[in-house]
Each structure stands twice: as structure tokens, then as C-alpha cells.
Amino acid sequence: MTHHPIIEEDIRNIAEDLRRYAPQLSGTTLLLTGGAGFLGKYIIYVLDYMNKHIFQKPCKTIVLDNFITGIKELAVDPKYFSIVHHDVSQPYQTDEHLDYIFHAASIASPVFYKKYPLETLDVGTLGTRNMLELAKQKHVKSILFFSSSEVYGDPDDKFVPTPETYHGNVSCIGPRACYDEAKRVGETYAVNYHQIHRVPVKIIRPFNIYGPGMKLDDRRVVPNFVLAALKGEKIPLYGGGQHTRTFCYISDAITGIFQVLLSQYNGEPFNIGSDGQEISMESLANIISEQFGSGIHISHVVGPNDAYEKADPQRRSPDLRKIRTFVGYEPKTDVVTGLKRFIVWAKDQDISQFSVHIK
Ligand SMILES: NC(=O)c1ccc[n+]([C@@H]2O[C@H](COP(=O)([O-])OP(=O)(O)OC[C@H]3O[C@@H](n4cnc5c(N)ncnc54)[C@H](O)[C@@H]3O)[C@@H](O)[C@H]2O)c1
């Protein structure tokens with residue numbers, strides 16, 4: 001994954017942005033769950049770059065993944081990275097001292113969490129509890145739980161852009177509940193481990209992060225639209241295409257993720273994403289088709305499951321005042337620039353085995 005120049009440039013930029021935090025990370029031991037996923041791999045490659053170019057003493061990272069959706073293709077120095085096949089819904093024990101934990105394991109794409117609903121519930125609830133218990137035993141300096149903007153469900157227009165104080169509009173039995181409710185319970189575990197055991201846990205709520213390195217058959221909207229365009233097929237728009245999202249380029253998000261991990265704001269949730277432009281899915285499809293010149297059209301189709309057809313949130317846009325003020329986060333990449341980078345990378349991938357529509 002690092003071999004593509006676009007990703008290499010992203011990694012270098014993130015690592016240089018994080019140089020000022022090097023004293024906190026140098027020589028430490030980290031544990032990362034979900035390291036074979038999209039965000040996890042970027043975190044690994046940033047740490048690898050910082051080991052080689054920035055830290056006085058390299059850090060060690062234990063990566064846990066059960067590869068339910070992630071791919072085993074991590075090209076990193078085995079001296080500093082141990083890749084362990086482990087389902088984090090089961091407790092994990094290690095003799096290693098741990099300084100930091102990123103708990104990113106989840107089944108994040110609606111097509112896949114509908115395929116594995118019980119596994120999705122377990123990783124968000126039991127998996128989160130297991131990681132908080134480990135954080136408590138090891139007296140870590142910080143643990144970061146990757147929650148989701150999906151904890152807000154389908155927000156009332158009055159709460160868009162959505163602040164962390166909004167309680168959400170979520171069905172506990174709806175088509176998305178295995179993911180949304182697991183993240184909500186995960187957050188409840190986190191704040192209670194902080195209140196009862198003083199575990200230094202922070203929570204992030206990502207809003208649609210995208211970028212190179214995403215699996216092109218992941219089925220989330222950006223890879224799916226780009227895959228259709230690359231194949232010369234019509235871009236499939238579900239549910240009329242008027243629902244909106246904001247899109248955050250990966251390098252902005254990864255910088256913010258480290259900023260929150262290394263902050264002092266224990267027991268706190270932070271929105272993370274981009275507030276530059278809230279766009280409809282139809283606009284996103286148009287922007288992508290423009291990048292391919294003429295000849296790419298859009299078709300209105302039925303979504304692959306009821307998570308799209310019955311429960312797709314109408315709007316999603318973050319209020320970023322808290323993360324800006326508390327940790328100095330600032331997304332820099334506008335959506336067209338980010339999509340262009342994604343497309344340059346995607347054009348160099350082998351897409352022959354991927355299909356736009358689920359067979
Ligand atoms: N990318 C986004 O836009 C976004 C938005 C909201 C929330 N998030 C959250 O951020 C985190 C990372 O997202 P991502 O896009 O990299 O997801 P991803 O699906 O690409 O990666 C998740 C990884 O977790 C692994 N995993 C799943 N269940 C596991 C288990 N029981 N034990 C061990 N590993 C397991 C998968 O194999 C995969 O490698 C997730 O928790 C996700 O819910 C991401």
C-alpha cells in the first residue's frame with residue numbers, strides 16, 4: 001500500500017505535521033485494533049515513517065485484526081510491528097507494557113455489517129470493553145475509541161451541523177442498529193471506565209473519511225462511485241441521491257486522530273471530519289464523473305439492502321468547533337482535491353476482480 005506515490009506523499013505530510021508530538025510517542029509501545037483496515041493501515045504507515053525519520057527511539061506496535069474485512073498485506077518492519085490474528089471480541093492478553101491503544105476494529109461498511117450483524121455488535125460492545133479493560137490493567141497513557149457519526153442516526157435539521165451535545169435519533173432495532181447502537185454502547189463503556197476506573201479514554205466520531213487505500217470493493221460511497229467510473233459503468237445512486245454527507249480526506253483525519261489521542265481530554269467525544277462542503281450524493285456523483293471527462297452517466301437504482309433503502313440518514317455534517325478549539329484540528333483538503341488524489345491512486349489499482357453491483 002505504501003508504494004503508491006500519492007499514499008507516500010500523504011504519509012510524509014501527516015508525519016511531518018505530527019513531528020511536534022514526537023517526544024510523546026518516541027520509544028513507546030502501542031496497540032492498534034483493526035490495523036488491517038483503511039484507517040488502521042494509514043496509522044501503521046505513519047508510525048513506520050516516524051520510526052525511520054522522526055523518532056529518536058522507534059516505537060513498537062502490536063496490531064490486532066481478525067481480517068473479517070481487512071486484508072493481510074502490511075509491508076512493515078517485523079522488528080517494530082507484530083501482526084496478530086485476534087478477534088478483539090475475545091479478551092487479549094500480552095506481557096508487553098502498553099503506552100497507547102487505538103481501538104479501531106469494526107465492520108464499518110453497511111454492506112458488510114449487514115452481512116455480519118452479530119460480529120458488528122460484538123466488536124463495538126465486547127471488543128470495546130476488552131480494550132478498556134486492557135487499558136486499565138496496563139495503566140496506559142491514553143486509549144482512543146473509534147466511534148462514529150452514526151451515533152447521531154438521522155439528525156433533526158435543527159442539529160445539522162451536528163455538535164457532540166446532540167443525543168441522536170437512532171432506532172435500536174432498525175437496519176443500521178447493529179453498527180450504530182454498538183458504537184453508542186461502546187461510548188457508554190468508555191465514559192464509565194473513565195468515571196469508575198480513571199481510564200484515560202478519548203472518543204472520536206468520524207464523519208465519512210475517504211482516501212487512497214480504501215478497498216475498491218468496500219461498498220462505501222466514494223470507492224463505489226469511482227469503481228463504476230473506472231469500469232465505464234453508470235454511477236449507481238441509491239434513494240434519489242438527495243441525502244447529503246461531508247467528506248474528509250484521510251490525511252486530515254489521521255492527523256486529528258493522533259491529536260486527540262495525545263490530548264488530555266479524557267472521557268470526551270470529538271467529532272472529526274470536514275465541514276468544508278455538505279454535498280448531496282448526486283453532486284458527489286457529478287464531481288466524480290467530471291473527473292473522468294464525458295461519457296460517465298448516473299443511474300438511479302435500488303440500494304443493496306434496507307440500511308440504504310429504509311434507514312439512510314438524510315444529512316450528515318459535523319460541527320467541528322470542539323475539536324478545533326480543544327486540540328487545534330484543522331481539515332485542509334477540499335473535496336475536489338481529495339477526490340482527485342483518490343482517483344489518481346484508484347486508476348493504478350487492479351480492478352478486474354471487482355464489480356460495482358453485488359452479485
Ligand atoms: N472511515 C470512516 O469514514 C469511518 C466513519 C465512522 C467511523 N469509523 C470507524 O473508524 C474505525 C476504522 O474505520 P475504517 O474505515 O478503517 O474501517 P475498516 O472496515 O476499513 O477496518 C476495520 C478493521 O477492523 C477489523 N475487525 C473487524 N472486526 C474485528 C474483530 N472482532 N477483531 C479484530 N479486528 C476486527 C476488520 O478486519 C478491518 O481490518 C472503525 O471503528 C469505524 O467504525 C470510520
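Sorted by class, the shell around the ligand contains 15 nonpolar, 13 polar and two charged residues, and this shell is a convenient place to begin reading the structure, which is a predicted model. The residues around the ligand number 30, and those that come nearest are Gly34, Gly37, Leu39, Gly70 and Ser106. Three elements, namely helix 3 (38-53), strand 2 (60-65) and helix 5 (117-138), each supply at least two residues of that shell, and among the contributors helix 3 gives the most, with three residues.

From the ligand we can turn to the interior of the protein. The largest nonpolar core has 98 residues, of which Val46, Ile101, Ile143 and Phe225 touch the most other members; helix 3 gives the most to this core, with nine residues. Helix 3 therefore appears twice in the picture, because it gives the most to the shell around the ligand and also the most to this core, where elements are counted as DSSP runs. Valine 46 can be followed a little further: once its neighbours within four places in sequence are left aside, valine 46 is in contact with Ile11, Ile14, Ala15 and Ile254.

It helps now to step back and look at the whole chain. Its secondary structure comes to 12 helices and 13 strands. The radius of gyration is 19 Å, which is close to the 21 Å that the globule rule gives for 359 residues, and so the chain is as compact as a globular protein of that length. Taken along the principal axes, the C-alpha atoms fill a box of roughly 55 × 40 × 40 Å. Of the 359 residues, 49% count as buried, and among the contacts with a separation of 6 or more, 83% are between residues 24 or more positions apart.

Helix 7 (221-230) shows what burial looks like in a single element. This helix is mostly covered, since nine of its 10 residues are buried, and the buried ones are Val221, Val222, Pro223, Asn224, Phe225, Val226, Leu227, Ala228 and Ala229. What do the buried residues of helix 7 pack against? Their partners are strand 7, strand 8 (235-238), helix 9 (281-291) and helix 12 (335-347). Just after helix 7, glycine 232 takes a positive phi of about 75°.

Two of those partners each contain a residue that can be examined separately. Proline 236 is found in strand 8, and it counts as buried because it has 21 C-beta neighbours inside 10 Å, where 20 or more are needed. Not counting residues up to four places away in sequence, proline 236 touches Ala228, Ser299, Val301, Val356 and His357, and Ala228 is one of the buried residues of helix 7. Although proline 236 and histidine 297 are 61 residues apart along the chain, their C-alpha atoms are separated by 9.0 Å. Valine 344, which lies in helix 12, is partly exposed, with 14 other C-beta atoms within 10 Å. Measured out from C-alpha to C-alpha, valine 344 and glycine 127 are 36 Å apart in space, and in sequence they are 217 residues apart.The backbone also has some local details in its loops. A cis peptide bond, with omega at about -5°, joins valine 160 and proline 161, and proline 161 has its place in the loop between strand 5 (142-146) and helix 6 (177-197). Histidine 139, in the loop between helix 5 and strand 5, has a phi near 50°, which is a positive value in a residue other than glycine. Is histidine 139 buried or exposed? Histidine 139 is exposed, because 12 other C-beta atoms lie within 10 Å. Arginine 219, found in the loop between strand 7 (209-210) and helix 7, likewise is not a glycine and has a positive phi of about 80°; with 19 C-beta neighbours inside 10 Å, arginine 219 counts as partly exposed.

Finally, a careful reader should consider how confident the prediction is. The mean pLDDT of the chain is 95, and 99% of its residues reach 70 or more. Confidence is highest in strand 5, at 99, and lowest in helix 10 (residues 306-309), at a mean of 75. Where pLDDT is low, predicted coordinates should not be read in detail.

Conventions:
Residues numbered from 1 in each chain as written. Predicted model: local features only at pLDDT ≥ 70, side-chain atom pairs only at ≥ 80, totals over all residues. Near = placed C-beta within 6 Å. Helix = DSSP H or I, 4+ residues; strand = E, 2+ residues; numbered from the N terminus. Nonpolar A, V, L, I, M, F, W, Y, C, P; charged D, E, K, R; others polar. Core = buried A, V, L, I, M, F, W, Y, C linked by C-beta atoms within 7 Å. Contact = placed C-beta atoms within 7 Å. Rg over C-alpha atoms; globule rule 2.2 N^0.38 Å. pLDDT = per-residue confidence, 0-100.
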